[in-house]
Amino acid sequence: MKIKINKFLILISIIIVGLTSIIAGYYFIKKEKTIQKTQENIGKVVKTKRNKLHDFVSKHLKDLDIEANKIALNSSSLILSSSAIDSIKLEQNYILVSTDRKVLLSNNKAVPANTSYSSGPYKSSNLGKLLDRVITILSSDISSYDYYPTLTEPNMFAAAPIIDSNKILKGFLINEIPFKNFINSLKENNPSNKIQWIITSLEDQEEKVIFHASDSQNYAKEIEEKYPELLKKVISEESGNDIIKSANMHWVIGNWTYEPYTTWNIVAFAEYN
């Protein structure tokens, strides 16, 4: 009788172990499918944002280059003379700047004429750095957004060199691009409201958050502090995906890609517990 009871207990134990294994396997497969689906959705967000970013930036730079070329063709002197300036009609938010970085003409209420970009609060701003780059590469480029002293909200700028037929730099044409316009161009319904997206840039050997969908100035810093390992991966690999831990030890599914037009990275991620 005792042997039969032992055999029965062994049989029950085998059944319990088997059922436990089946249930564990079911939840493992379910978890893997959930992670895979999340990875696919995050990848779609990254791809969509990258394409929208490229289209947005390329359109602004193309339009700016066209206007800069018009100004170069209509001014025969080596510098932008007063008569040449008087004949120029700028598009809204455009700013005409001399080679010594003084505003000659502005169709931007926040930036009056005679404003200097070579001194004061603008010198070390993203706009000042942008003009440095444009002088070096002699082609149009775009800045990261910044909180400028004369503006009520964060803005970014595009700048194009004005170069005559003799390849002489005569000035710059700048276009202010309100941050909200940029964000609105990238907004769309994400596959999941748990997915966050940011745009990062390598600055001083660290990956910094330069764009995000929040109006909070502190949000970028919060992201950098909460997801340092994710940003390290973005530095080490131009494009990729991985599952890593956040600073508060939550699992994070991340996907990122490099956008060569702007040298920025588009990063999307979601916490997964």
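Tyr 258 stands opposite Asn 265 in β10, and I start there since the second sheet is what I would like to walk through before anything else. Strands β9 and β10 pair in the antiparallel sense over nine bridges, where two strands are taken to pair if DSSP finds at least two bridges between them. The strands and helices I name are DSSP runs, numbered from the N terminus, with E over at least two residues for a strand and H or I over at least four for a helix.

Before going further, a word on the basis: this is a predicted model, in which local features need a pLDDT of at least 70 and side-chain atom pairs count only at pLDDT 80 or more, while totals for chains, interfaces and linings use all residues. Residues are numbered from 1 along each chain as its sequence is written, and side-chain values use heavy atoms, with hydrogens and water left out.

Back to the sheet, then. Five strands form an open sheet in the order β7-β6-β10-β9-β8, with antiparallel pairing. The edges are taken by β7 (206-212) and β8, each of which has a single partner strand, so one side of each is left without a neighbour in the sheet. From one strand to the next the twist averages 35 degrees, with axes fitted as lines to C-alpha atoms (for helices over the stretch in contact) and angles running from 0 to 180 degrees between N-to-C directions.

At the β8 edge, strand β8 (residues 240-245) pairs with strand β9 (residues 251-259) in the antiparallel sense over six bridges, and here Lys 245 stands opposite Trp 251 in β9. The two strands form a hairpin with five residues between them, and Met 249 in the turn has a positive phi of about 70 degrees.

What does the structure hold by way of aromatic pairs? There is one aromatic pair, formed by Tyr 227 and Phe 269, which is tilted, at 4.7 Å centre to centre and with 55 degrees between the planes. For the cut-offs, rings of Phe, Tyr and Trp (its six-membered ring) pair if their centres lie within 6.5 Å, and planes under 30 degrees apart count as stacked, over 60 as edge-to-face and the rest as tilted. Tyr 227 lies in the loop between α5 (219-226) and α6 (228-236), whereas Phe 269 lies in strand β10 (residues 264-272), so the pair ties together parts that are 42 residues apart in sequence. Both Tyr 227 and Phe 269 are buried, where buried means under 20% relative accessible area, exposed over 50%, and partly exposed in between (1.4 Å probe, protein chains only).

Next, the charged side chains. The count comes to nine salt bridges, a salt bridge being a side-chain nitrogen of Lys or Arg within 4 Å of a carboxyl oxygen of Asp or Glu. One of them joins Lys 208 and Glu 206, at 3.0 Å from N to O; Lys 208 is partly exposed at 24% relative accessibility, and Glu 206 is partly exposed with a relative accessible area of 43%.

Another salt bridge joins Lys 232 and Glu 229, at 3.4 Å from N to O. Why are these two residues separated by about one helical turn? Lys 232 and Glu 229 have that separation because they are three residues apart in helix α6.

Lys 233 forms a salt bridge with Asp 242, the closest N and O atoms being 3.2 Å apart. Lys 233 is partly exposed, with a relative accessible area of 22%, and Asp 242 is also partly exposed, at 26%. Lys 233, Glu 237 and Asp 242 are linked in a network of salt bridges.

That leaves the other sheet, which is open, has five strands in the order β2-β1-β5-β4-β3, and is paired in the antiparallel sense. Its edge strands are β2 (103-106) and β3 (141-142), each pairing on one side only. Strand β1 (residues 94-97) and strand β5 (residues 169-178) pair in the antiparallel sense over four bridges, with Tyr 94 standing opposite Asn 175 in β5.

Val 134, found in helix α3 (residues 126-137), is buried with a relative accessible area of 0%. Val 134 and Phe 172 are 38 residues apart in sequence and 8.7 Å apart in space, C-alpha to C-alpha.

I close with helix α1 (residues 2-73), where Ile 15 is placed; Ile 15 counts as partly exposed, at 41% relative accessibility.
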